[in-house]
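Colleague: I would like a close look at the enclosed space in this model. How much space lies in the largest cavity, and which residues line the largest cavity?

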Amino acid sequence: MKSVVVTGIGLVSALGESLKTSWKNLIENKSGIKLIQPFEELESLPLAIIGTQPAVLQTLTRLAVSSALADAGLISPLPDCGVVVGSSRGFLADWEKFSRQIYGNKQNSFSPLSFIETLPHMNAIATARQIGATGIVLAPMAACATGIWALSQATMLIQTGQCDRVVAGAVEAPITPLTITGFQQMSALAKTGAFPFDVNREGLVLGEGGAIFVLESRELAQARQARIYGEILGFGLTSDAFHANSPQPEGQSATTGIKQCLQRSNLESSDIDYVHAHGTGTIRNDEVESRIIQNVFTHHPYVSSTKGATGHTIGASGALGVAFSLMALQNQILPPCVGLRESEFDLNFVRESSVNNIKYVMCLSFGFG
């Protein structure tokens with residue numbers, strides 16, 4: 001099995017439109033969340049929005065992909081490069097617009113070609129076009145675990161020799177009327193802000209953004225003398241099928257996924273220095289996730305969630321988490337759990353960014369089901 005390393009990262013979030021800016025603001029304990037009313041028919045809500053209006057998925061993706069290639073020192077076309085780009089909400093904003101066009105007036109301006117360009121896999125296809133790739137293209141969708149799944153698929157492509165280089169990650173533009181209304185109906189949205197693991201946490205705050213990575217075999221990266229952020233040692237993928245949107249109370253399946261990851265990485269739980277938690281700020285997720293971390297990592301590694309800074313970027317959240325984890329490795333700085341003031345959980349939370357000796361990190365990502 002080939003070793004898989006990360007040689008480029010492109011990141012865009014409400015913290016900044018570049019990896020460098022987002023990381024700088026994160027370690028300074030800043031948040032990109034603000035109270036905003038993006039749609040006149042809906043009330044104001046705390047949202048992690050990049051500009052003044054909800055972002056367009058294609059625009060965010062192109063920016064993240066371009067940044068990742070530049071960071072890796074690569075120039076397109078890259079015909080032999082694989083592409084694995086996922087999204088949970090996909091082109092939902094466009095579909096809602098189509099719906100308004102079809103049912104909101106008598107003149108039907110709906111275009112079949114426009115519809116084809118917004119099918120769930122088309123963002124990955126657009127990335128392949130952008131970089132001139134003519135090989136395998138995958139477009140995973142796994143709710144909020146999409147980013148982790150995309151990186152796992154890309155890792156497998158390189159480990160098994162199907163590709164030597166893959167552009168992979170996830171991007172999300174989830175601030176739409178239907179997404180907001182859906183999460184409100186579930187009573188999952190916060191009313192004032194995102195406070196992961198806090199005793200007064202209210203729920204999640206929707207955020208837009210994404211992270212795209214250049215993954216390469218170690219041999220290829222070393223041959224071209226590329227900078228290496230870190231190595232992907234292993235991963236774990238499970239589903240609990242417990243409930244449509246509630247985690248299994250004891251976190252059994254998630255625990256199995258973590259143990260899979262450790263086993264495939266040839267590590268013990270005690271080897272992990274830092275856990276980038278999913279940490280949505282919802283009552284149930286933080287409670288169950290804390291129980292999982294306490295049970296598996298009895299040596300009290302450092303823990304933080306970055307959703308208090310970026311908001312919950314849904315399918316892209318795991319990709320952002322991996323990007324921040326790699327920056328922690330690169331800079332030997334632990335990112336803070338922004339928004340955490342008083343916790344009810346006995347975990348070793350990072351309250352302020354700090355320099356530390358970090359060798360192994362694990363990123364957790366949980367999606368509905």
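**The largest cavity and its lining**

Modeller: The largest cavity holds about 40 Å³ of space. This is a predicted model, in which local features need pLDDT of at least 70 and side-chain atom pairs count only at pLDDT 80 or more, while totals for chains, interfaces and linings use all residues. Residues are numbered from 1 along each chain as its sequence is written, and side-chain values use heavy atoms, with hydrogens and water left out.

A cavity here is a set of points on a 1 Å grid, laid over the protein atoms alone, where a 1.4 Å probe fits but cannot get out. Its volume is the space filled by probe spheres set on those points, which are joined across faces, edges and corners.

The lining (residues with an atom within 4 Å of a point) of the largest cavity consists of His276, Thr306, Lys307, Thr310, Gly311, Thr313, Ser317, Leu320 and Gly321. Two helices (DSSP runs of H or I, at least four residues, numbered from the N terminus) each supply at least two residues of this lining: helix H11 (307-310) and helix H12 (317-331). H12 gives the most, with three residues. Ser317, Leu320 and Gly321 are the lining residues that fall in H12, and Lys307 and Thr310 are those in H11.

By class, the lining of the largest cavity has one nonpolar, seven polar and one charged residue. Ala, Val, Leu, Ile, Met, Phe, Trp, Tyr, Cys and Pro count as nonpolar, Asp, Glu, Lys and Arg as charged, and the others, Gly among them, as polar. Leu320 is therefore the nonpolar residue of this lining, and Lys307 is the charged one. Gly311 and Gly321 are counted as polar because Gly belongs to that class.

The structure holds two cavities of 30 Å³ or more. The second largest cavity has a volume of about 30 Å³, and Val85, Gly86, Ser87, Pro120, Asn123, Ala124 and Ala139 line it. Here at least two lining residues each come from strand S4 (82-86) and helix H5 (122-131), a strand being a DSSP run of E with at least two residues. Val85 and Gly86 lie in S4, and Asn123 and Ala124 lie in H5.

The lining of the second largest cavity has four nonpolar, three polar and no charged residues. Val85, Pro120, Ala124 and Ala139 are the nonpolar ones, whereas Gly86, Ser87 and Asn123 are polar.

Terms used:
1 Å grid on protein atoms, 1.4 Å probe; cavity = no way out; pocket = protein on both sides within 12 Å on 5 of 7 lines; lining within 4 Å.
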